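Hello,

Here is the structure I promised to pass on to you. Have a look at it first, and then read on for my notes.

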Amino acid sequence: MKKLVLFAVLTVFGVATANAQAKKPVKKEAAKKETAAKADSPKVDGAGMVFENETIDYGTLPHNADGKREFVFVNNGTKPLIISNATGSCGCTVPTWPKEPIAPGARAVIGVKYATDRVGAFTKTVTLTSNAEGQASKVLTIKGTILGDDAPKETPKG
C-alpha cells in the first residue's frame with residue numbers, strides 16, 4: 001500500500017513538474033519572439049517614421065458615408081519627429097497631423113477625411129513634410145469607390 005501511495009505521489013509530482021517545465025519554454029519562446037520583433041524594427045539615427053499601412057482602401061461606400069480614416073505610425077528614430085505640413089492632392093482630401101514633436105518610440109496618427117459626396121472611384125494622396133531622416137517627404141494613399149444614391153449599398157472596408 002505504501003508503495004502504491006508513494007507511486008501515486010511521485011506520479012502526480014512528476015506530472016506537475018513536467019507541466020511546469022513545459023510552460024517555462026513557452027514563456028521563454030514568447031519573450032524571444034517579442035524581443036526579436038523589437039529588434040526587427042529598424043532604428044534610425046535621427047527622426048523616423050514607419051507606418052502600419054501606407055495605403056488605406058475605403059472599399060465601396062455609400063454616398064455621403066463617413067470619410068474619416070487614420071494612418072498609424074511610430075517614430076523609429078532616436079530624435080523627436082516633427083511633421084511640419086500635410087497636404088491632400090485635392091480639396092476633397094483633408095489631412096490632420098500632430099503639431100507637437102513625436103518622441104522616439106511613440107505612436108501617432110495622421111487623420112484623413114475624404115469628401116464622400118463625390119460619386120465614383122478615387123485614388124488620392126496625402127504628402128507629409130517632416131524632419132524624418134532620409135525621407136523629408138512621405139506620400140500616403142487613399143482609394144475606394146463611392147456609390148451613387150441609386151446604387152446598391154455594400155459594407156465599407158476599413
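Let me begin with the disulfide. The torsion about the S-S bond of Cys90 and Cys92 is about -50 degrees, so this disulfide is left-handed. Please keep in mind that you are looking at a predicted model. The bond joins Cys90 to Cys92, with an S to S distance of 2.2 Å, and the structure holds 1 disulfide. How exposed or buried are its two ends? Cys90 is partly exposed, because its relative accessible area is 25% and the partly exposed class lies between 20% and 50%. Cys92 has a relative accessibility of 3% and therefore counts as buried.

Now for the chain as a whole. The protein chain comes to 1 helix and 8 strands. If you follow the elements from the N terminus, they run α-β-β-β-β-β-β-β-β, so you will meet the helix before the strands. Of the 158 residues in the chain, buried ones make up 30%. The accessible surface of the chain is about 10,100 Å², and carbon and sulfur atoms account for 59% of that surface. Contacts that link distant parts of the sequence are worth a look too: among those between residues at least 6 apart, 67% join residues at least 24 apart.

Next, please find Ser130. This residue sits in strand β7, which covers residues 120-130. Is Ser130 buried or exposed? With a relative accessibility of 10%, Ser130 counts as buried, because buried means under 20%. The side chain of Ser130 reaches the backbone nitrogen of Ala132 at 3.1 Å. Leaving aside neighbours within four places in sequence, Ser130 is also in contact with Met49, Leu81, Ile82, Ile83, Ser84, Gln135 and Ala136. Try selecting these residues together with Ser130 in your viewer.

Last comes Asn64, which you can find in the loop between β2 (55-61) and β3 (68-74). What is the phi of Asn64? Asn64 has a positive phi of about 65 degrees, although it is not a glycine. Most residues other than glycine have a negative phi. Asn64 is also exposed, with a relative accessible area of 51%, and the class of exposed residues starts over 50%.

I hope you enjoy exploring the model. Do write back with any questions.

Best wishes

Key: Residues are numbered from 1 along each chain as its sequence is written. This is a predicted model: local features need pLDDT of at least 70, side-chain atom pairs count only at pLDDT 80 or more; totals for chains, interfaces and linings use all residues. Side-chain values use heavy atoms; hydrogens and water are left out. A disulfide is a pair of cysteine sulfur atoms within 2.5 Å. Buried means under 20% relative accessible area, exposed over 50%, partly exposed in between (1.4 Å probe, protein chains only). Helices (H or I, at least four residues) and strands (E, at least two) are DSSP runs, numbered from the N terminus. A polar contact is a pair of N or O atoms within 3.5 Å; within protein, one must be able to donate a hydrogen and the other to accept it, and residues adjacent in sequence count only if both atoms are side-chain atoms. Contact means heavy atoms within 4.5 Å. Accessible areas come from the Shrake-Rupley method with a 1.4 Å probe; for residues, only the protein chains shown count as cover.
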